[in-house]
Amino acid sequence: MSNPNVTQRVVVIDLGSNTARLIVLQAVPGHAWRLEDEIREVVRLRQGMTDEGLSAEAMERAFAALRLFKRFADAVRADVIIATATSAVRDAVNGKTFIRRVERELKLELRILDGEREAFTASSVRSTMFRSPAAPLSTSAAAAPRSRRLPTGPLCAGSRPRWGR
């Protein structure tokens, strides 16, 4: 179990088909969290998508948003960055090429969500974004719905978070 007195600054990046979102959470993993900041950028990843994959213009928009988000995460001194991509990248023939570029140039591991996890994550992000940023850091893991629980376990570079139960 994690120490309830140790907080982490967690940045979650969600690269969707139309919009990229970043949220910053002050958190005690597995116990409580508070929304500190959020950014949204329109990327329109599916615009111009063909059988050959994502268009160069769409990939540049998404890459620019991810570069901004990575710089922001570094500026707020994020302890953990969780970056995900959804259906546009997952479905694109050149999606893996885009992911490799993001990893190589931004040093950002972009995890592709399957359809079920994508639906769960979209619900989680929406519920987080509508919560008051001024709310106290007091939501216990036992009382919080699954969508508001933070990853538990070792949250360091290279590790895979496990979502709290």
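Two strands pair if DSSP finds at least two bridges between them. Keep that rule at hand for the exercises below. The model is predicted.

**Exercise 1. Establish how strand 1 and strand 2 are joined, and in which sense they run.**

Step 1. Apply the rule. Eight bridges link strand 1 and strand 2, so by the cut-off of at least two bridges they pair.

Step 2. Read the direction. The sense is antiparallel.

Step 3. Look at the connection. The two strands form a hairpin, with three residues between them.

Step 4. Find a partner. Gln-8 has Ala-27 of strand 2 as its bridge partner.

**Exercise 2. Extend the pairing to strand 3 and strand 4, then give the order of the sheet.**

Step 1. Go from strand 2 to strand 3. Strand 3 covers residues 32-42, and 10 bridges join it to strand 2. These two run antiparallel.

Step 2. Pick out facing residues. Ala-27 stands opposite Trp-33, and Ala-20 stands opposite Glu-41.

Step 3. Check the hairpin of strand 2 and strand 3. Three residues lie between the strands, and Gly-30 takes a positive phi near 80 degrees.

Step 4. Turn to strand 4. Strand 1 and strand 4 pair in the parallel sense, over six bridges. Val-10 faces Val-80 of strand 4.

Step 5. Assemble the sheet. Five strands make an open sheet in the order 3-2-1-4-5, with mixed pairing. Strand 3 and strand 5 (110-112) are the edges, and each pairs on one side only. On average, neighbouring strands of the sheet are turned by 20 degrees against each other, ignoring direction.

**Exercise 3. Decide whether strand 2 is largely enclosed or not, and give the reason.**

Step 1. Recall the cut-off. Buried means under 20% relative accessible area.

Step 2. Count. Nine of the 10 residues of strand 2 are buried.

Step 3. Conclude. Strand 2 is largely enclosed by the rest of the structure because so many of its residues are buried.

Step 4. Set this beside the whole protein. Of its 165 residues, 47% count as buried.

**Exercise 4. Trace the largest nonpolar core and say which element supplies the largest share.**

Step 1. Get the size. The largest nonpolar core has 29 residues. Leu-15, Leu-45, Leu-66, Phe-98 and Leu-110 have the most contacts inside it.

Step 2. List the suppliers. At least two residues each come from strand 1 (8-15), strand 2 (19-28), helix 1 (56-75), strand 4 (80-85), helix 2 (87-91) and helix 3 (95-106).

Step 3. Name the main one. Helix 1 gives eight residues, the largest share of this core.

Step 4. Zoom in on Phe-98. Beyond residues up to four places away in sequence, Phe-98 touches Leu-15, Met-59, Ala-62, Phe-63, Leu-66, Val-89 and Leu-110.

Step 5. Do not stop at one core. A second, separate core has nine residues, among them Val-10, Val-12, Leu-25 and Trp-33.

Step 6. Place helix 3. Helix 3 lies across strand 1 and strand 5, and runs at about 155 degrees to strand 5.

**Exercise 5. Work out the surroundings of Ser-55 and whether it is buried or exposed.**

Step 1. Locate it. Ser-55 is in the loop between strand 3 and helix 1.

Step 2. Compare with the cut-off. Ser-55 has 13% relative accessibility, and buried means under 20%, so Ser-55 counts as buried.

Step 3. Follow the side chain. The Ser-55 side chain reaches the backbone nitrogen of Ala-58 at 3.1 Å.

Step 4. Add the contacts from farther along the chain. Setting aside neighbours within four places in sequence, Ser-55 is in contact with Gln-47 and Gly-48.

**Exercise 6. Judge where the model can be read in detail, using confidence.**

Step 1. Start with the average. The protein averages a pLDDT of 77, and 67% of the residues score at least 70.

Step 2. Find the extremes. Confidence is highest in helix 1, at 97, and lowest in strand 7 (residues 162-163), at a mean of 40.

Step 3. Mark the weak stretches. Over residues 118-123 the pLDDT is below 50, and this stretch has seven contacts in the model beyond near neighbours in sequence. Over residues 125-165 the pLDDT is also below 50, with 84 such contacts.

Step 4. Draw the lesson. Where pLDDT is low, predicted coordinates should not be read in detail.

Note on methods:
Residues numbered from 1 in each chain as written. Heavy atoms only, no water. Core = buried A, V, L, I, M, F, W, Y, C linked by side-chain atoms within 4.5 Å. Buried < 20%, exposed > 50% of the residue type's maximum accessible area, 1.4 Å probe, protein only. Helix = DSSP H or I, 4+ residues; strand = E, 2+ residues; numbered from the N terminus. Contact = heavy atoms within 4.5 Å. pLDDT = per-residue confidence, 0-100. Polar contact = N/O pair within 3.5 Å; in protein donor to acceptor, adjacent residues only side chain to side chain. Axes fitted to C-alpha atoms, helices over the stretch in contact; angles between N-to-C directions.
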